[in-house]
Amino acid sequence: MSIQLKHLVKKYDGSDTPVLENVSAHIEDNEFFAIVGPSGCGKSTLLRMIAGIIPITSGNLYLNGQRANDLEPKDRKLSMVFQSYALYPFLSVFDNVAFGLKARKQPKDVIKRRVENALELVNLTEFKNRKPKDLSGGQRQRVALARAVANESKLCLMDEPLSNLDAQLRAKMRIELKELQRKLGLTVIYVTHDQVEAMTMADHVMVLNHHHIQQIDTPLGVYQHPANEFVASFFGTPQINLLNAVYSNGTLTMDNRFKVEVSEPLIDGHKYKVGIRPNQFKVKTGVNDGNARVTSVSQLGDRTMIEASLDNGQELRIVLNGQVDIRPQELIQVEGAESFFIFDSDDRSLVGIQKGVLENA
Ligand SMILES: Nc1ncnc2c1ncn2[C@@H]1O[C@H](COP(=O)(O)OP(=O)(O)OP(=O)(O)O)[C@@H](O)[C@H]1O
């Protein structure tokens, strides 16, 4: 199913301030579309408008090209999976999955076939007679998924469906969910505040903040070409470093510490922010004299994560490849960075992406 959002606005009753403003997007059939953003930015509100649970204040919603603003939820041919699963505790797994079909008075043999197919897809056949309380979190999650699958709706709306699971199970379910979506040709709209989840599963990501869309792009797109400072900070762990900079005569100077010649046409005397991903720094360790003092070290096996404080007080997050022998309080020499973003410090939008090494000023 394809979905089109055109200039959607949502104001809750009694409030003049919109929770969402001018939200437009096109979601293709069979697409895995993630909606991400910080708590309270309106992700669930958007999903609930698409589901028909809450009214749209203004703008239009189209499902398969048909205007759907006033369609009853049950006529939207979609299913929903929430973080709280919403399983009936007194019903078996089978009956939980069959619930919607029974409510719609489907013939018994149709219900049996669809439920059994759905349970097989999510690997729960052997658990069909159990009650939800006798299942693990991941299995309960799969019951909720099986219910969506049995309903045979081509659009599935998911609101933080994995957030109650432990990290390991979450990683496994991400892969299973994605596989299921592909196998069934589902269109999935998936709400999460977890950037990793969005990056690993989605075909396209909508980033929301402060009531507005910040960017819609592929996962790589938001990482490599973030529309603004917010998007650059939202994706990537550890977070991108942001340094104050001033442009003058072809050179950007950062916090009086680094300078770099830039080819972008910038404004003389104007202030910018330079965004440097932690893995982009060039660093010398084991030096007697350096320009930054290490404040913390995390060994991750394949990478070494450092926090360091430059002699002008600027804190930096740095990631080095491999296991680097380094301890807190040691000095390092930060020599520059391979590539970085330039943001306007007024409206925080991206004005350029620069490759090249910074020099000490
Ligand atoms: N029924 C309601 N009446 C009034 N305001 C509401 C209602 N539901 C949500 N809001 C407000 O709308 C804003 C967006 O809420 P929403 O639940 O959509 O955010 P979210 O991005 O899903 O957040 P989270 O990640 O914390 O779930 C919040 O400021 C919230 O307080």
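# Close-up views of the predicted model

**View A. Strands β16 and β19 run antiparallel and are joined by two bridges.** In this predicted model, strand β16 covers residues 292–299 and strand β19 covers residues 331–337. One place to look for the pairing is A292, whose bridge partner in β19 is I332. Both strands belong to an open sheet of five strands, in which the order is β15-β19-β16-β17-β18 and the pairing is antiparallel. Which strands stand at the edges of this sheet? They are β15 (281–284) and β18 (315–321), and each has a single partner strand, so that one side of each is left without a neighbour in the sheet. When direction is ignored, neighbouring strands of this sheet are turned against each other by 45 degrees on average. As background for this view and for the other sheet below, strands of a sheet pair through backbone hydrogen bonds, in either a parallel or an antiparallel way.

**View B. Two hairpins, one of β16 with β17 and one of β17 with β18.** Strand β17 (residues 303–310) pairs with β16 in the antiparallel sense over seven bridges, and V294 has A308 of β17 as its bridge partner. Three residues lie between the strands of this hairpin, and in its turn G301 has a positive phi of about 90 degrees. On going from β17 to β18, the strands again run antiparallel and are joined by seven bridges, with T304 matched to its bridge partner L320 in β18. Here the hairpin has four residues between its strands, and G313 in the turn takes a positive phi of about 95 degrees.

**View C. An open sheet of seven strands with antiparallel pairing.** Reading across this sheet gives the order β21-β20-β14-β11-β12-β13-β22, and its edge strands are β21 (350–355) and β22 (359–360), each of which pairs on one side only. Within the sheet, β11 (residues 241–248) and β14 (residues 271–276) pair in the antiparallel sense over six bridges, and the bridge partner of V246 in β14 is K271. Strand β14 also pairs with β20 (residues 339–344), in the antiparallel sense and over four bridges, where V274 stands opposite I342 of β20.

**View D. The hairpin of β20 and β21.** These two strands pair in the antiparallel sense over five bridges, and F343 can be found opposite L350 in β21. How many residues lie between the two strands of this hairpin? There are five, and R348 in the hairpin takes a positive phi near 65 degrees.

**View E. Helices α2 and α3 in contact.** The axes of α2 (residues 93–103) and α3 (residues 108–121) come within 10 Å and cross at roughly 135 degrees. Angles over 145 degrees would count as roughly antiparallel and those from 65 to 115 degrees as roughly perpendicular, and the two helices are therefore oblique to each other. The crossing in which α2 passes α3 is right-handed. From α2 the contact takes in F94, V97, A98, L101 and K102, while from α3 it takes in I111, R114, V115, A118 and L119. Sorted by class, these residues comprise eight nonpolar and two charged ones, with no polar residue. The loop between α2 and α3 holds K105, a residue other than glycine whose phi is nevertheless positive, near 55 degrees.

**View F. Helices α4 and α5 packed together.** Helix α4 (residues 137–150) and helix α5 (residues 167–184) pack at an angle of about 15 degrees, and their axes are 11 Å apart. This angle makes α4 roughly parallel to α5, since angles under 35 degrees count as roughly parallel. As in the view of α2 and α3, the crossing of α4 past α5 is right-handed. On the α4 side, G137, G138, Q141, L145 and V149 meet L169, M173, L180 and L184 of α5. By class, the contact has six nonpolar and three polar residues, and no charged ones.

**View G. The residues that surround the ligand.** Which residues make up this shell? The ligand is surrounded by Y12, V19, G37, S39, G40, C41, G42, K43, S44, T45 and H193. By class, the shell has three nonpolar residues, seven polar residues and one charged residue.

**View H. A cis peptide bond before P238.** The peptide bond that leads from T237 to P238 is cis, with an omega near -10 degrees. P238 has its place in the loop between α8 (229–234) and β11.

Technical notes
Residues numbered from 1 in each chain as written. Predicted model: local features only at pLDDT ≥ 70, side-chain atom pairs only at ≥ 80, totals over all residues. Axes fitted to C-alpha atoms, helices over the stretch in contact; angles between N-to-C directions. Left-handed = near helix turned anticlockwise from the far one by under 90°. Contact = placed C-beta atoms within 7 Å. Nonpolar A, V, L, I, M, F, W, Y, C, P; charged D, E, K, R; others polar. Near = placed C-beta within 6 Å. Pairing = 2+ DSSP bridges.
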